[in-house]
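Reader: Please take me through this model. Where should I look?

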Amino acid sequence: MLTIYSDSHRLHHGQAELIDGEMRPCFEMPSRADMVLARVQAVGLGEVRPPQAFGLEPVLRVHDAGFVQFLQSAWQRWSAAGRSHDALPLVWPVRRLRTDRIPQDIDGLLGYYAMDAGVPITAGTWEAVWQSAQVAMTGAQLLQQGERAAFALCRPPGHHAARDYMGGYCYLNNAAIAVQMLRDQGAERVAVLDVDYHHGNGTQDIFYRRNDVLVASIHGDPRVEYPYFLGYADEIGAGEGEGYNANFPLPHGTVWAAYQQALQAACERVRQFAPDALVVSLGVDTYQEDPISQFKLSSPDYLRMGEHIGGLGCPTLFVMEGGYAVEEIGINAVNVLQGFESAQ
Ligand code: OKS
Ligand code: ZN
């Protein structure tokens with residue numbers, strides 16, 4: 001399997017995030033991607049290629065132009081205000097506050113375009129975010145050119161980012177951009193299977209009213225887990241998209257036996273949809289040692305996960321999302337890819 005990877009991810013390295021009431025080093029750190037790449041190379045998964053340049057147009061097929069301009073200019077605005085630490089939002093438009101007026105000040109803009117404080121913006125963030133999206137698009141193009149599967153080693157991740165907001169370590173929705181590119185290049189139906197521990201609220205939101213993209217997600221129950229405000233089983237899509245969104249929330253402590261049942265059900269939905277291509281949002285924060293998550297999968301379980309996905313027999317693009325047990329992130333992510341290949 002081909003891997004697409006760019007060193008530019010290192011340009012995004014937030015200093016700290018607000019967690020449990022204190023500022024702590026960001027869990028979403030450059031060594032995550034380094035460890036995954038090292039494992040890809042150690043097992044000889046296949047060639048590693050740099051991304052190609054697709055420009056802004058495919059990004060704007062998914063994201064709001066004002067939001068993209070904000071991302072591009074946020075660091076410049078922040079530093080022009082005399083700040084040198086990471087830019088972080090600190091105020092949000094909750095119920096009955098106005099969202100029909102876009103603030104002009106950088107602090108107002110950060111709150112307007114963010115769902116939480118997990119999105120530090122640094123001097124190099126936009127370049128890293130940009131290249132991460134290009135990595136996903138390069139993967140989409142490989143499928144379109146007839147590759148059976150590809151691995152977009154994206155960092156930063158993307159599945160919490162929606163059309164016009166960032167959140168949860170995510171800025172642009174790499175998987176959604178890849179899906180839209182596959183659609184624009186001729187795939188009639190594309191399925192997303194999101195196996196990250198957290199609900200992919202951004203991906204769900206982007207495709208919620210569409211019947212050409214099925215989104216299925218297995219994740220920690222939003223009653224007790226981030227992102228809290230989306231990801232319930234009764235979210236089934238709306239309008240033409242009704243019946244094309246499937247959520248499988250699971251409790252804290254979920255082990256492989258229960259996870260596998262949800263995975264089988266999600267895979268069955270994908271099979272019924274008969275997509276021309278599958279995009280897997282591949283987070284491995286379902287791992288038992290993950291520092292911010294509460295499922296209990298073991299490293300061999302990821303081989304089984306990959307076998308299930310491979311059994312679908314779809315052209316498949318894997319897009320890297322979360323996973324914060326840095327020592328094991330490479331083993332777990334590449335286990336999914338190797339399990340997938342063994343089922344071909
Ligand atoms: C607030 C942000 C917490 C985000 C955690 C989720 C990141 C992730 N400090 N999503 O898949 O792994
Ligand atoms: Zn996650």
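The metal site and ligand 1

Reader: Is the site of the zinc ion (ligand 2) regular or irregular?
Author: The zinc ion (ligand 2) has 6 donor atoms, with angles of 29 to 158° among them. Donors are N, O and S atoms within 2.8 Å of the metal (3.2 Å for Na, K and Ca). Six count as octahedral if opposite donors are over 155 degrees apart and all others between 65 and 115. The site of the zinc ion (ligand 2) is irregular.

Reader: What kind of model is this?
Author: Residues are numbered from 1 along each chain, chains are lettered from A and ligands numbered from 1 as written, and side-chain values use heavy atoms, without hydrogens and water. Local features need pLDDT of at least 70, side-chain atom pairs need 80 or more, and totals use all residues, as this is a predicted model.

Reader: Which residues coordinate the zinc ion (ligand 2)?
Author: The donor residues follow the spacing D-x1-H-x86-D. Coordination is at 2.0 to 2.1 Å, through OD, ND1 and OD atoms of D196, H198 and D285.

Reader: How far is the side chain of H198 from an oxygen atom of ligand 1?
Author: H198 is among the residues around ligand 1, with a heavy atom within 4 Å. An N or O atom of the H198 side chain and an oxygen atom of ligand 1 are separated by 3.1 Å.

Reader: How far is the side chain of H160 from a nitrogen atom of ligand 1?
Author: H160 also belongs to the residues around ligand 1. From an N or O atom in the H160 side chain to the ligand 1 nitrogen is 2.6 Å.

Key:
Polar contact = N/O pair within 3.5 Å; in protein donor to acceptor, adjacent residues only side chain to side chain. Tetrahedral: all angles 85-135°; square planar, octahedral: opposite > 155°, others 65-115°.
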